[in-house]
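Please look over the sequence and the 3D structure shown below before reading on. The report after it moves from the interior to the loops and the open spaces.

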Amino acid sequence: MDFIKKCLSGFDLKLFALIFMTFDHVREMLSGLLPIPTWFGIIGRISAPLFIFMVAEGMWHTRNRVKYMGRLYLASVSMALLNNVANTYFPMPNGGMIINNIFATMFLITFFIHFSEKTFEAFKARQFSKAFINLALIVSPIFLSFIFVMNMTTLPLIVLQIVLVALPLPMLVEGGPIWIILGIGFYLCHGNKKRTGIFYVILCVLTFMLSTGMDFSFENLFLINYQWLMILALPFLLLYNGEKGKGMRSFFYIYYPAHLYLLLGVAYIINGLL
């Protein structure tokens, strides 16, 4: 028991995730300008699962789910607007685009968890009209995703921009449906390390099958399509001790966009020196 208590708190997991994310984004933002090694991207695969795990844990521990969801939504919209400004007026020197916005993914995870539970509660209480309204709220983003994707090339630019900023959709958010399923699965496995481990391994295998095209060459597995190496997050997940740890909530909300735009500035400086 003493060993478990001394393992990783929620704060520790977020800190590790932040460090790994920074390595990944250094590679994303500065590749083509500096010789960034591939392992920066590989260890970056650990980051998102840890952040998503903590969002799922947050849904168990927060005192106000609606406020929690609201913070994530506002963070998502703010990040999308800042990305639009950056991509319009300060395009990445290496030719890429800043499309990172895990806040949108996190919001949808909390959204589906919250309204799924509300739906079950309403059905159980035989409040069928309320249940169907909640069910409609769950289905709407999924339905709109398919409508939007099928008509993306014909929609006016202003409509595209408004939707991408203000309306997180499962098919379009960072990580897509897989990361949303990951968050919901973590929530359902709460408090059970064995179930968490089994679920996570299964999802990593699914990611491996989808991302690698079953091409088992070294180049494909470790240099091109290495998203499956998110499996490296498993030891960190299993060492979670269930405790919150230190606070610093605002720090993590601020660091995520701030470090990306700081790296963008560094990219401009390096590009000007080359």
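Leaving aside its neighbours within four places in sequence, with which residues is Phe186 in contact?

## Basis of the report

The structure is a predicted model, in which local features need pLDDT of at least 70 and side-chain atom pairs count only at pLDDT 80 or more, while totals for chains, interfaces and linings use all residues. Residues are numbered from 1 along each chain as its sequence is written, and side-chain values use heavy atoms, with hydrogens and water left out.

## Phe186 and the nonpolar cores

The question about Phe186 is answered by a list of eight names: once neighbours within four places in sequence are set aside, Phe186 is in contact (heavy atoms within 4.5 Å) with Pro49, Ile52, Phe53, Ala56, Thr196, Phe199, Tyr200 and Leu237.

Phe186 also belongs to the largest nonpolar core, which has 69 residues and in which Leu13, Met29, Leu50, Leu182, Phe186 and Tyr200 have the most contacts. Helix H6 gives the most to this core, with 11 residues. Apart from it lies another core, of six residues, including Phe208, Leu221, Tyr226 and Leu229. A nonpolar core here is a set of buried Ala, Val, Leu, Ile, Met, Phe, Trp, Tyr and Cys residues joined through side-chain atoms within 4.5 Å. Buried means under 20% relative accessible area, exposed means over 50%, and partly exposed covers what is in between, for a 1.4 Å probe and protein chains only.

## Aromatic residues and helix H10

One aromatic cluster is formed by Phe53, Phe186, Phe199, Tyr200 and Tyr240, and the structure holds 26 aromatic pairs. Rings of Phe, Tyr and Trp (its six-membered ring) pair if their centres lie within 6.5 Å, and planes under 30 degrees apart count as stacked, over 60 as edge-to-face and the rest as tilted.

Tyr200 is found in helix H10, where helices (H or I, at least four residues) are DSSP runs numbered from the N terminus. Tyr200 counts as buried because its relative accessible area is 0%, and, neighbours within four places in sequence aside, its contacts are Pro49, Leu182, Phe186, Met230, Ile231, Ala233, Leu234 and Leu237. Between the C-alpha atoms of Tyr200 and Met79, which are 121 residues apart along the chain, the separation is 28 Å.

Helix H10 also holds Thr196, which is buried at 7% relative accessibility and, with neighbours within four places in sequence left aside, is in contact with Phe53, Phe186 and Cys189. Is Lys194, another residue of helix H10, buried or exposed? Lys194 has a relative accessible area of 65% and is therefore exposed; its C-alpha atom is separated by 37 Å from that of Ile98, 96 residues apart along the chain.

## Helix H6 and the loop after it

Thr119 has its place in helix H6 and is buried, with a relative accessible area of 6%. Not counting residues up to four places away in sequence, Thr119 touches Ala131, Asn134, Leu135 and Ile138.

Most residues other than glycine have a negative phi. Arg126, however, has a positive phi of about 60° although it is not a glycine; Arg126 is in the loop between helix H6 (102-124) and helix H7 (128-151) and counts as exposed because its relative accessibility is 62%. Met214 likewise has a positive phi, near 60°, and lies in the loop between helix H10 (193-212) and helix H11 (218-224), where Met214 is partly exposed, with a relative accessible area of 41%.

## Cysteines

A disulfide is a covalent bond between the sulfur atoms of two cysteines. With a disulfide taken as a pair of cysteine sulfur atoms within 2.5 Å, the count comes to zero.

Why does Cys7 form no such bond? The closest cysteine sulfur to that of Cys7 is in Cys189, and it is too far for a bond because the distance is 19 Å. For Cys189 the closest cysteine sulfur is in Cys204, at 13 Å, which is also too far. Cys7 is buried at 13% relative accessibility, and Cys189 is buried at 8%.

## The largest pocket

About 1100 Å³ of space lies in the largest pocket, which is lined by 41 residues, with Ile98, Ile99, Asn100, Asn101 and Glu174 nearest its centre. Two or more residues of the lining come from each of helix H2 (10-30), helix H4 (47-61), helix H5 (65-89), H6 and helix H8 (157-166).

On a 1 Å grid over the protein atoms alone, a pocket is an open set of points where a 1.4 Å probe fits, with protein on both sides within 12 Å along at least five of seven lines, and lining residues have an atom within 4 Å of a point. Grid points are joined across faces, edges and corners, and the volume is the space filled by probe spheres set on the points.
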